[in-house]
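Hi everyone, thanks for making time for this. Let me put the sequence and the structure up on the screen, and then we can walk through them together.

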Amino acid sequence: MNILKTSAIALTACVMTAGMALVGSQAARAEDYESFTLAPGFRPNPVVGTGLSGGTRLVDCYTNESGGRTLVRTYVDSANAPDHVVTVTRPFSNLRASVQADGDVTLLIDGPDGTYCSDDVDGLMPSISGNWPAGTYNIWIGDFVGDGSGVYRYRLFLTQQ
Ligand SMILES: [Ca+2]
């Protein structure tokens, strides 16, 4: 009887936690925000980074995803705190950065040859592919909430194509 009661309470707590996740305040995990050093032929392919989207810094960036130049106003973490730092030691002819998350997220990449931005390529999920010169890339996963406590848990995939 007592065991049953305890289980019911534990289940209620789980449901409440899942509900609260929808309004943010998720906790980061030890494995989040990993940095990567990549060269063509890396294994495993893709490598996967994790973390929580968004931040309180509003960034204006532009995509060409809708057939024309489109402004994306997205919230990311501060300029000196990228979610992931990717060091490319030899250039890639075709590397893709893509994100999967539970909500509408964005992808911002500041690399040696410029700044790139993506919002909705695969549904609401962003993706940026092309040639990546050698150098250091700062990557932020943004959203449209502007809540610094971490809104959507995401997975970032870096895939050599
Ligand atoms: Ca999006």
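Going along the sequence, you read α-β-β-β-β-β-β-β-β-β-β-β, so to speak one helix and then eleven strands. Please keep in mind that this is a predicted model.

How far can we trust it? Across the protein the mean pLDDT is 88, with 84% of the residues at 70 or more. The part to be careful with is residues 1–23, where pLDDT stays under 50. For that stretch the model has two contacts beyond four places in sequence. Where pLDDT is low, the predicted coordinates should not be read in detail. Helix H1 is assigned to residues 2–21, so please treat that helix with caution, because low pLDDT is a reason not to read coordinates in detail.

Now, the overall numbers. Of the 161 residues, 30% are buried. If you take contacts with a separation of 6 or more, 74% of them join residues 24 or more positions apart.

Next, a sheet. Four strands make an open sheet, ordered E2-E11-E6-E9, with antiparallel pairing. Its edges are strand E2 (47–52) and strand E9 (127–132), each pairing on one side only. From one strand to the next, the twist averages 20 degrees. Inside this sheet, strand E6 (residues 92–101) pairs with strand E11 (residues 153–160) over seven bridges, in the antiparallel sense. If you'd like one pair to click on, Gln100 has Arg155 in E11 as its bridge partner.

Let's zoom in on Ile139, in strand E10 (residues 135–143). Is Ile139 buried or exposed? Ile139 is buried, because 26 C-beta neighbours lie inside 10 Å and the cut-off is 20 or more. Leaving out residues up to four places away in sequence, Ile139 touches Pro82, Asp83, His84, Val86, Ala97, Ile109 and Leu156. Take Leu156 from that list: it sits 17 residues from Ile139 in sequence, and the C-alpha to C-alpha distance is 9.8 Å.

Finally, some backbone geometry for those of you who like torsions. The loop between strand E1 (36–38) and E2 holds Pro44, and Pro46 is found in the loop between E1 and E2 too. The Arg43 to Pro44 peptide bond is cis, with omega near -5 degrees. The Asn45 to Pro46 bond is also cis, with omega near 10 degrees.

Then there is Tyr33, in the loop between helix H1 and E1. Tyr33 is not a glycine, yet its phi is positive, about 60 degrees. Tyr33 counts as buried, because it has 20 C-beta neighbours inside 10 Å.

Notes. Residues are numbered from 1 along each chain as its sequence is written. This is a predicted model: local features need pLDDT of at least 70, side-chain atom pairs count only at pLDDT 80 or more; totals for chains, interfaces and linings use all residues. Helices (H or I, at least four residues) and strands (E, at least two) are DSSP runs, numbered from the N terminus. A residue is buried if 20 or more other C-beta atoms lie within 10 Å of its own, exposed if 12 or fewer, and partly exposed in between; C-beta atoms are placed from the backbone. Two residues are in contact if their C-beta atoms, placed from the backbone, lie within 7 Å. Two strands pair if DSSP finds at least two bridges between them. Axes are lines fitted to C-alpha atoms, for helices over the stretch in contact, and angles run from 0 to 180 degrees between N-to-C directions. pLDDT is the predictor's confidence in each residue, from 0 to 100.
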